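The exercises below ask you to read a protein model step by step, checking each solution against the coordinates. Try each task before reading its solution.

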Amino acid sequence: VKGINPDAILIGEVWWEEWPDRLLDPRPWLIDGFDATMNYRWYREARKYFAQLHGGMKPSEFIQGLNVLDKGLDKKSIAAMMNISASHDSPRISTSLYNKGKYKVMGENYKADKPDAATRQIQKMLLMHQFTYVGGPQIWAGDELGMWGADDPHTRKPLIWDDYEFESEDIHPIRGKQDKVDKVEADKELHKFYTKLCHLRSSRQELLEGALNFVLVDDENSLLAYSRFLEDTETISVFNLSEKEQVVSIPTKTSGLFKAVFDPGMEFAATSNQLEIKIPAGKGMILISL
């Protein structure tokens with residue numbers, strides 16, 4: 001493949017060492033010719049943090065978990081990793097975050113109905129992280145339309161197209177049927193959110209090549225922020241997983257104005273390489289230098 005196209009990327013589908021607890025170490029495959037692997041390991045850490053699973057996860061613990069994933073990998077492999085949020089072989093991202101148990105484990109109480117608004121907010125924060133973090137962000141077709149679904153085969157449902165009408169859904173993977181009936185239609189607001197993230201990722205060079213620095217790690221207040229920086233451009237991602245609005249001070253690499261990507265009209269001035277912002281409870285913000 002490389003002989004035909006030296007720029008081709010080879011990604012290995014590397015899964016379980018012992019299901020459902022241990023995923024394989026990708027290093028043998030990276031040494032043996034692959035550029036990257038499907039990085040389910042990243043998703044498991046991100047899911048634990050943003051959905052606050054298994055009793056909760058502190059920002060410092062999340063960073064520690066991410067650092068463990070990168071141990072022994074060279075920078076090129078880390079940058080090429082396919083940061084996968086869902087696939088044909090796993091629950092859709094929304095359903096995965098809606099359920100608080102072990103990844104890919106279903107039972108009688110598994111929630112297979114349309115995820116609620118709180119889950120959608122968690123999904124948005126995880127996506128903000130995915131599209132501003134090191135590695136290639138991946139979208140499983142239909143997640144950008146707000147589709148939901150349990151593990152295979154429920155993750156392989158037909159895509160929602162605007163020119164078709166779909167029957168309402170009341171399917172459960174274990175029980176067969178569930179009491180709740182959900183209307184099946186595209187989530188246009190979520191689609192715009194994904195579109196904006198894709199444009200951000202492709203238009204900001206620091207997100208493709210820039211260094212990563214964690215600039216705020218506050219376990220007590222459940223605050224996390226990191227910077228992607230290249231030359232004179234910077235993108236800062238901030239997450240407040242607490243239950244209260246907070247004013248935070250964030251160190252920056254650049255001075256001048258920063259714009260909030262998902263908050264129209266909101267601009268902040270960084271003075272003396274310090275940025276002060278107010279961030280609502282349970283929300284994320286992406287700030288870009290102007």
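**Exercise 1. Which residue of β14 does Lys259 stand opposite?**

Solution. Bear in mind throughout that this is a predicted model. Begin with strand β13, which covers residues 256-260 and is joined to β14 by four bridges, the two strands running antiparallel. Following this pairing to Lys259, one finds Glu267 of β14 standing opposite.

Next, place the pair in its sheet, which is open, has six strands in the order β9-β10-β11-β16-β13-β14, and is paired in antiparallel fashion. The edge strands are β9 (211-218) and β14 (267-270), each of which pairs on one side only. Neighbouring strands of this sheet are turned against each other by 25 degrees on average, when direction is ignored.

Finally, look for what packs on the sheet: helix α6 (residues 117-132) does so, touching β10 (223-230), β11 (233-240) and β16 (283-289), and its direction makes about 30 degrees with that of β16.

**Exercise 2. Determine which residues of strand β12 belong to its covered face and which to its uncovered face, and identify the strand to which β12 is bridged.**

Solution. In a regular strand the side chains alternate between the two faces of the sheet. Applied to β12 (residues 246-251), the covered face holds Gln246, Val248 and Ile250, whereas Val247, Ser249 and Pro251 make up the uncovered one. For the second part, six bridges join β12 to the antiparallel strand β15 (residues 274-279), and in that strand Gln274 is the bridge partner of Pro251.

**Exercise 3. Test the length of helix α3, decide how its buried residues are arranged, and describe how the helix packs against α2.**

Solution. First, α3 (residues 59-70) has 12 residues and reaches 17 Å from its first C-alpha to its last, close to the 16 Å expected at 1.5 Å a residue.

Second, collect its buried residues, which are Pro59, Phe62, Ile63, Gly65, Leu66 and Leu69. Seen down the axis of α3, these fall within an arc of 160 degrees, so they line one face of the helix. The face turned away from that buried side carries the exposed residues Gln64 and Val68, while the cover over the buried residues includes α2 (40-50), α6, β9 and β10.

Third, compare the axes: α2 and α3 pack at an angle of about 180 degrees, with their axes 10 Å apart. Since an angle over 145 degrees counts as roughly antiparallel, the two helices are therefore described as roughly antiparallel to each other. The contact involves Arg41, Trp42, Glu45, Ala46, Tyr49 and Phe50 on the α2 side, and Pro59, Phe62, Gly65, Leu66 and Leu69 on the α3 side.

**Exercise 4. Characterise the surroundings of Tyr43: is this residue buried or exposed?**

Solution. Tyr43 lies in helix α2, a mostly covered helix in which 10 of the 11 residues are buried. The residue itself has a relative accessible area of 0%, and is therefore buried. Leaving aside residues up to four places away in sequence, Tyr43 touches Ile84, Ser85, Ile93, Ser96, Leu97, Tyr103 and Leu126.

**Exercise 5. Repeat the length and face analysis for helix α7.**

Solution. The 16 residues of α7 (residues 188-203) should span 22 Å at 1.5 Å a residue, and the end C-alpha atoms are 22 Å apart, which agrees. The buried residues in α7 are Leu190, Phe193, Tyr194, Leu197, Leu200 and Arg201; seen down the helix axis they fall within an arc of 125 degrees, so they line one face. On the other side, Lys188, Lys192, His199 and Ser202 are exposed.

**Exercise 6. Examine the backbone for cis peptide bonds and positive phi values, and locate each example.**

Solution. The starting point is that most residues other than glycine have a negative phi, and most peptide bonds are trans. A cis bond leads from Trp19 to Pro20, with omega near 5 degrees, and Pro20 is in the loop between β2 (16-18) and β3 (22-23). Another cis bond leads from Asp152 to Pro153, with omega near 15 degrees.

Turning to phi, Gln52 has a positive value near 50 degrees; this residue is in the loop between α2 and α3 and is partly exposed, with a relative accessible area of 33%. Lys104 has a positive phi near 70 degrees, is placed in the loop between α5 and α6, and counts as buried at 14% relative accessibility.

Note on methods. Residues numbered from 1 in each chain as written. Predicted model: local features only at pLDDT ≥ 70, side-chain atom pairs only at ≥ 80, totals over all residues. Heavy atoms only, no water. Buried < 20%, exposed > 50% of the residue type's maximum accessible area, 1.4 Å probe, protein only. Pairing = 2+ DSSP bridges. Axes fitted to C-alpha atoms, helices over the stretch in contact; angles between N-to-C directions. Contact = heavy atoms within 4.5 Å. Expected span 1.5 Å × (residues − 1). Arc of directions from axis to C-beta. Parallel < 35°, antiparallel > 145°, perpendicular 65-115°, else oblique.
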